[in-house]
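Work through the exercises below with the sequence and the structure at hand. Each task is followed by a solution in steps.

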There are 6 protein chains.
Amino acid sequence: MWDNVTEALDTFDRDDFVKVKGLTQIFHNRPQLTIHKVRRMDDSEIDFADYFPSSRRDPGEMWTELRATVAAIGNPHLKALVEALLDDEDVARRMRRAPAAKQIHHAYLGGLIEHVLSLCTLARMVAAHYPNIDYDLLLAGVVLHDIGKIYELNYERGFSYSDQGQLLGHITIALGMVADKLRGLPDFPPPLRSLVEHMILSHHGQLEFGSPKLPQFPEALLLHYLDDMDSKMECMRALIENDRQVEGCFTTWNTALERAALKKDRYLDGALESAPPGPGPEGAPPAEQREADSAFAGKLRQALQPAEAKQES
Amino acid sequence: MWDNVTEALDTFDRDDFVKVKGLTQIFHNRPQLTIHKVRRMDDSEIDFADYFPSSRRDPGEMWTELRATVAAIGNPHLKALVEALLDDEDVARRMRRAPAAKQIHHAYLGGLIEHVLSLCTLARMVAAHYPNIDYDLLLAGVVLHDIGKIYELNYERGFSYSDQGQLLGHITIALGMVADKLRGLPDFPPPLRSLVEHMILSHHGQLEFGSPKLPQFPEALLLHYLDDMDSKMECMRALIENDRQVEGCFTTWNTALERAALKKDRYLDGALESAPPGPGPEGAPPAEQREADSAFAGKLRQALQPAEAKQES
Amino acid sequence: MWDNVTEALDTFDRDDFVKVKGLTQIFHNRPQLTIHKVRRMDDSEIDFADYFPSSRRDPGEMWTELRATVAAIGNPHLKALVEALLDDEDVARRMRRAPAAKQIHHAYLGGLIEHVLSLCTLARMVAAHYPNIDYDLLLAGVVLHDIGKIYELNYERGFSYSDQGQLLGHITIALGMVADKLRGLPDFPPPLRSLVEHMILSHHGQLEFGSPKLPQFPEALLLHYLDDMDSKMECMRALIENDRQVEGCFTTWNTALERAALKKDRYLDGALESAPPGPGPEGAPPAEQREADSAFAGKLRQALQPAEAKQES
Amino acid sequence: MWDNVTEALDTFDRDDFVKVKGLTQIFHNRPQLTIHKVRRMDDSEIDFADYFPSSRRDPGEMWTELRATVAAIGNPHLKALVEALLDDEDVARRMRRAPAAKQIHHAYLGGLIEHVLSLCTLARMVAAHYPNIDYDLLLAGVVLHDIGKIYELNYERGFSYSDQGQLLGHITIALGMVADKLRGLPDFPPPLRSLVEHMILSHHGQLEFGSPKLPQFPEALLLHYLDDMDSKMECMRALIENDRQVEGCFTTWNTALERAALKKDRYLDGALESAPPGPGPEGAPPAEQREADSAFAGKLRQALQPAEAKQES
Amino acid sequence: MWDNVTEALDTFDRDDFVKVKGLTQIFHNRPQLTIHKVRRMDDSEIDFADYFPSSRRDPGEMWTELRATVAAIGNPHLKALVEALLDDEDVARRMRRAPAAKQIHHAYLGGLIEHVLSLCTLARMVAAHYPNIDYDLLLAGVVLHDIGKIYELNYERGFSYSDQGQLLGHITIALGMVADKLRGLPDFPPPLRSLVEHMILSHHGQLEFGSPKLPQFPEALLLHYLDDMDSKMECMRALIENDRQVEGCFTTWNTALERAALKKDRYLDGALESAPPGPGPEGAPPAEQREADSAFAGKLRQALQPAEAKQES
Amino acid sequence: MWDNVTEALDTFDRDDFVKVKGLTQIFHNRPQLTIHKVRRMDDSEIDFADYFPSSRRDPGEMWTELRATVAAIGNPHLKALVEALLDDEDVARRMRRAPAAKQIHHAYLGGLIEHVLSLCTLARMVAAHYPNIDYDLLLAGVVLHDIGKIYELNYERGFSYSDQGQLLGHITIALGMVADKLRGLPDFPPPLRSLVEHMILSHHGQLEFGSPKLPQFPEALLLHYLDDMDSKMECMRALIENDRQVEGCFTTWNTALERAALKKDRYLDGALESAPPGPGPEGAPPAEQREADSAFAGKLRQALQPAEAKQES
């Protein structure tokens, strides 16, 4: 398609989906794509889950679970506040879709709600274990702490930070969302409001991680630990599951965890000795983990692997 | 007054002002106070400036200067926002009285407004120096960045953190105050709002100093530098001016500055060699600077210094 | 007893218990003790729980619970290893008595086993939550990670570090204890041994906290988070419960947590505004929390508080 | 020119300027240069400003401004010292040419003097604002603090560190230059000398930034803040102005500033949402800003962009 | 050899040695290797020193020197312990072969024993200098501190970490080796054992470098300093000796040393001014030093450099 | 002497020596001194070694050893430079008297030269061990690196920093001293000068310890390690030797070393279990080591200990 290239280029933009008709061939050991026709696709033609990594759980089902959990909050003030947020249609729509992070953990569509639900379960268990923990307060913190991420990130086409997200961060955005809803709840007790705000503000646990205050009461402390634990557990799970290293018992180096992880089962089964990667003195740590592929990426790889060229229509 | 002690103790509380009638004597080289009568004073009997360190400038005069500066803001949105805050009576009353910090710098009544006015002058100079700086935006940042301190601190009786101040901090409090006033300004452009919020959020300049975002545009960067410079300059000025060390050319060690300061004039005049204090291996750094005394403290010291006992009525 | 003082002093030594007969009086507003007779007590006369802070739970009951939990481990190798340690009489005796730390958390007799049992419950919950977690491995890590503390600390008379504890630390001591027992278990799979050793080695989670390796598989990561969370939760609980500050909603400053904690209930009940302590620029952080008193300390305080002198026999 | 390649290569060396005659063509979508003739150019043929980024201000004009500023210093000792340095012909020649840094800020020919002049203006303003500031002392510090850079850097061909610069740094070099000139000023008061030396020594503000002493008097503290502020302001200005990112409101990541910067005007104008770059977990931060191009680089790019090959003579 | 490629590939594996028959040619300015025949070689055909960098000293000679040094230890317990380890055949075999590190220093076959012998000499000198140093104890520490490296690293084919090395580290491995041998030495005094273990444990000198305890007695402190000094001296020596930079007086940047090194002799001889590399704001520090080549690598380079193709049989 | 107190006080000043005639008594269990007569002593009446801790070695003997070592330097330039400094009478006088530090190590009269001589011996040994080390260059670095301390510290009456020492530090002072002497040595090769200056500049080894450059060639690296090792060894030696703790095997906590030290001999002899001090959560680390007493301090303590009052004439 060396003709009309310029015209074709004008028909679509960055982050658009395009339909390509052409020929893939192996040329000098590398796949080569000859394009015969290309056109911009309409959103209605697209199933996003084909192109972006997504949660294995169904968004609708997760949403139902979240609403049921929130419906069981005993404290009427906290319940009203959390429900006011989830009743907001824009929040509800985005909450079903948003990833929990750009890259570090739960970085896939539906990742945020999946992370929140995991924390809900943990919160119920742990609140039962520690006497004196106010489960309602902890749960409100769990549902609200990351809610600013629905506006901090862009996730319509690829995952990135929004301008507002870059300037303010999800903690400040969440505080603003809470303040907006509280205007409709004039009886919400001011000290309880400060506790909820403090939990959102302090959940990163340390100043250098972006929380300007350290957790100062038990529920805030628990929220921080559970959130950190669940994020890192998911990060390590994905690292091990998605690792493509065929030799040895260690995954590639992961920058977020600042370590490589052991593939425990392979190690216990007496796999061959491996050479685990390390940041060592090479300076640049190895490339990061590859996240769970979208369905499309898998098909594309498959399509390109056969040495025989095949024509697509 | 060994009689009726309990009854007398019940008539006043911590942080109350009391009027004492008694006798001061020197006993074994130490002042001793024999109390004959004691009663709680009413606020109307008290001139607070007699008991707390205060700015040398008149609060009313500083307030007038601030309002005049703000009145000259060209951008109508920014001017409306800042004026909405200063028009709030509670803000106006507290702003005239609040210190800029519990201890580090400008820690006296009227210290906050004095610090803000100093920054206004610096902002005007520096905005004239750097082309492309939006003076209105910078000035709005200057007036609003520390406004949360009026609720973060208690300064009616002694200086301390309020509960809300301890849980949220002045940055978060300021963002809430701005959001409240913006509800009355529906035409305020959202991107401009994000810029103002970012300036408040980032003015500490680093995450470990409690700013969850680094300054990301020139006005925010300038605000951070000017604020930091003005605080440290005032801190060093007070350290040198209030130092009671009689020997040598160095002040006592200052914990906020993490250094002792040179008394330049004395040094240039060829003062005797001094033994500057250092934190060295002694472990505990020397006690902090003593702030400018209140008028009362001065009189009290005077009253106690004469070796002769004298009776007060 | 100004006679025979020297002889009396020779009859006992530091950390001995002595029985004193004398008179307590208030002299110049301070309690004064006049000693008439003093003699060293025999250990058989003493109930240590009268003098040292102790767990509220009965040591024997906790021991039974721990043995039952361990008995349910499914993996025969792990079960054999953990039981070999608990069957060791010296381990069993010390395990029932040892505190979990000299000062930071669970710093009372029985504190170690109480902390381990709390972790056992958490481990069971969390292993049920995360698929793929090997509960047996996690539980073995929970029981063994701090077992070196029974030799790292001295807790017969006061709590302090032993010489060996100071030179090697509880992690290295635990590795040695495990190695000793493994000599009697020749079929223990070497890779499984490395996993157990790694969990002990890495449970502090970071190099600067004394773990020379970061947790490298999910069970090790979980152990680290649960241990850290449970320690800090107990530390904050004790801080709030034992705080003697009568005014305000915040406790005194706690050095281990590097913060003061909010007394949430008092705050929600609308307590008076408090002046929370802060490390601020004063340099020396406030004195640390006071641990739960021993029964004796309580009685002693009581005995001294009445203004009337009373004679003990 | 596949003939006589070796001979041609011998006629010039690294960092020489060469004149090339040849043909630029587009080959496989990449520009290709076929060389017909190449020869080393003489320095007299070259206008360096064609090849290196340069200040927009004229070096001669800046020099005149600097001399006038210095001529107005009131303190005769300080004036004599600063003038002794500027009267040195080698200093004068290099001062007109040196960049202020290899890469971070003002990294272009004439950048050092431009930075110094900017600081002179700031110093005058700020000294007027803070009573008790000795403007003469501050100005001497401003002119001398970075003067060692004229020998720390190489800037005849490309910008790099000299051997001496690498071994000693510009602070130590400046102290040596000052000491040399002071030998001709026997009446210079020793304490004043220590103040000047301290200002040079401490201007980086912190030990880890290469200042072995922290600023210990107000003029030294001001010098540090102004220097840091002016460097970072220029760095951010250049980052925004030279950014080639066409989409979004954020520049590429800047390593010196450790952030991306917002293009404020574009953001306020309602530009499309952008995906700001972040160092995030990708490990390697994005490539640094591209500095203001030299005139030559611009022409070269222009020459290569047209798809048509054109012949140069 | 485009025929039978698959079969040929199946005859060998990663890290195998293969014998290749083919043709090297220069094609488009790059060496190109056409393979005619390829087969896996047997270990018996290979002299490993041809392929891996090795110590310049003979392993057997170094071993003899080490045994003689150890034989002269006066303290019978320490001598027995060290000899028990060196008498272990697997230890002895590996000790003669192991590198001291994967990359940082002494990263060549025989590097570990060479490093230990260097420390033996230093220990003798320094123990003679400081009265009260127990030379036997220091020497035992020198021989044992890194002995775990023989199992921490893989060095049969390339240098990498073993799984056990990655999970436990050489300090923990060494403690296990010592414990194993001590079982055969029942009279070894327990306090002396703690001292030896402490020396191994603390030799990295700081927690963040993987030593969970700081050196607490003079011999442990000396061991740490000598070990650190000898490693860094060898690292800098290799950096300077192997540097391929032809211009200037500075080597390339070294990540382990976090600096470039000066080629002192060249500098003193008045070499041309150089442009030393720095990490500066480019972000990624320059590539690391290239270690002493194996003999094979040298020959290979030689073989590829001539422009003429030559056939190997 | 309650009469004429004011007159008596006017006859002497801080840091003067006074002769006191009076009576020491035990009053309420505390020593009490009744002064009958007091007068200022003349310097000629005083043997300073009676009042300040001093080296055990004779200053004259150490000076002779240092001169002999320097006389043997082979490189004529380096020898001339070092001798020019030692020939300076003020340097020579101070060098015999100066301590090596205010408190950390060798903090006694003659401590500096004792430290330098120890390093000379170490330098000779180590230069013999590492081929390619230029012993003359290393030795010059050893003698000159701390020479600025003779002006950085005051040590006529008590040990403290001088004003110049506080403003510039001993590294900058040493560079100035070297520059002064080099003016008399016009043939000194400039590159050699840079090497000497670099060694002085970099000997603290890290920026945060006040060296603005890291050691960049082997002699500079060795100087740093030997200096650090010798300082810490002496610090630990003094800590153990001077410790007054009677129980246990550990010394009190030492702030400079950030640890307590083991009294190895006592530990090996099976001393009782001790409770080593730790900084733990108590916040304030224990008081620092007490340095070797002066003779006078010893006598004073002795004089005060007897319970019987005795009269001095």
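**Exercise 1. An unusual backbone angle**

Task: Decide whether Glu258(A) is buried or exposed, and state what its phi is.

Solution. Step 1: Glu258(A) has a relative accessibility of 55%, so it counts as exposed, the cut-off for that class being over 50%. The model is a predicted one, and this value is computed from it.

Step 2: Glu258(A) sits in the loop between α10 and α11 of chain A.

Step 3: Its phi is near 55 degrees, a positive value, and the residue is not a glycine. Most residues other than glycine have a negative phi.

Step 4: Asn132(A) also has a positive phi without being a glycine, at about 80 degrees. Asn132(A) belongs to the loop between α5 and α6 (135-144) of chain A, and its relative accessibility of 63% makes it exposed.

**Exercise 2. How chain A and chain C are related**

Task: Find what turn and what shift lay chain A on chain C.

Solution. Step 1: Two copies of a chain are related by a rotation about an axis and a shift along it.

Step 2: Here the turn is 180 degrees and the shift along the axis is 0.0 Å, with an RMSD of 0.1 Å. This is the relation of a two-fold axis.

Step 3: Of the interface residues of chain A, 100% are also interface residues in chain C, so the copies meet through the same surface.

**Exercise 3. The contact between chain A and chain C**

Task: Describe the contact: how many residues does each chain give, how much area is buried, and which elements of chain A take part?

Solution. Step 1: Chain A gives 42 residues and chain C gives 42 residues.

Step 2: The two chains bury about 3700 Å² between them, and 72% of this is on carbon and sulfur atoms. Tyr225(A), Met233(A) and Lys264(A) supply 18% of the area that chain A buries against chain C, more than any other three residues.

Step 3: Turn to the polar side of the contact. There are 14 residue pairs in polar contact across the interface of chain A and chain C, and the count of salt bridges between these chains is two. One pair in a salt bridge is Lys264(C) with Glu219(A), at 2.5 Å from N to O.

Step 4: On the side of chain A that touches chain C, the elements giving two or more residues are α5 (111-129), α9 (190-202), α10 (218-242) and α11 (264-268) of chain A. The most comes from α10(A), with 13 residues.

Step 5: Take one residue as an example. His129(A) is in helix α5 of chain A. It is buried, since its relative accessible area is 17% and the limit is under 20%. Leaving out residues up to four places away in sequence, His129(A) touches Ser118(C), Thr121(C), Leu122(C), Met125(C) and Asp230(C).

**Exercise 4. Salt bridges within a chain**

Task: Say where the partners of three salt bridges lie, one in chain A, one in chain C and one in chain E.

Solution. Step 1: Side chains of opposite charge can pair when their charged atoms come close. Over all chains the count is 102 salt bridges.

Step 2: Asp243(A) pairs with Lys263(A), the closest N and O atoms being 2.6 Å apart. Both are in the loop between α10 and α11 of chain A, 20 residues apart, and both are buried.

Step 3: Lys181(C) pairs with Asp88(C) at 2.8 Å, N to O. Lys181(C) is in helix α8 (residues 163-182) of chain C, while Asp88(C) is in the loop between α3 (76-87) and α4 (89-95), 93 residues apart. Lys181(C) is partly exposed at 22% relative accessibility, and Asp88(C) is partly exposed at 22%.

Step 4: Arg193(E) pairs with Glu197(E) at 2.9 Å, N to O. Both lie in helix α9 (residues 190-202) of chain E, four residues apart, about one turn of the helix. Arg193(E) is partly exposed at 32%, whereas Glu197(E) is buried at 9%.

**Exercise 5. The nonpolar core**

Task: Name the residues that touch the most other members of the largest nonpolar core.

Solution. Step 1: In soluble globular proteins, nonpolar side chains tend to be buried together.

Step 2: The largest nonpolar core has 482 residues, and those touching the most other members are Leu66(A), Leu66(B), Leu66(C), Leu66(D), Leu66(E) and Leu66(F).

Step 3: Apart from neighbours within four places in sequence, Leu66(C) is in contact with Leu86(C), Met95(C), Ile113(C), Val116(C), Leu117(C), Cys120(C) and Val143(C).

Technical notes: Residues are numbered from 1 along each chain as its sequence is written. Chains are lettered from A and ligands numbered from 1 in the order in which they are written. This is a predicted model: local features need pLDDT of at least 70, side-chain atom pairs count only at pLDDT 80 or more; totals for chains, interfaces and linings use all residues. Side-chain values use heavy atoms; hydrogens and water are left out. Copies are superposed by least squares on the C-alpha atoms of residues with pLDDT of at least 70 in both. Contact means heavy atoms within 4.5 Å. A nonpolar core is a set of buried Ala, Val, Leu, Ile, Met, Phe, Trp, Tyr and Cys residues joined through side-chain atoms within 4.5 Å. Buried means under 20% relative accessible area, exposed over 50%, partly exposed in between (1.4 Å probe, protein chains only). Buried area is the accessible area (1.4 Å probe) that two parts lose on being put together, summed over both. A salt bridge is a side-chain nitrogen of Lys or Arg within 4 Å of a carboxyl oxygen of Asp or Glu. A polar contact is a pair of N or O atoms within 3.5 Å; within protein, one must be able to donate a hydrogen and the other to accept it, and residues adjacent in sequence count only if both atoms are side-chain atoms.
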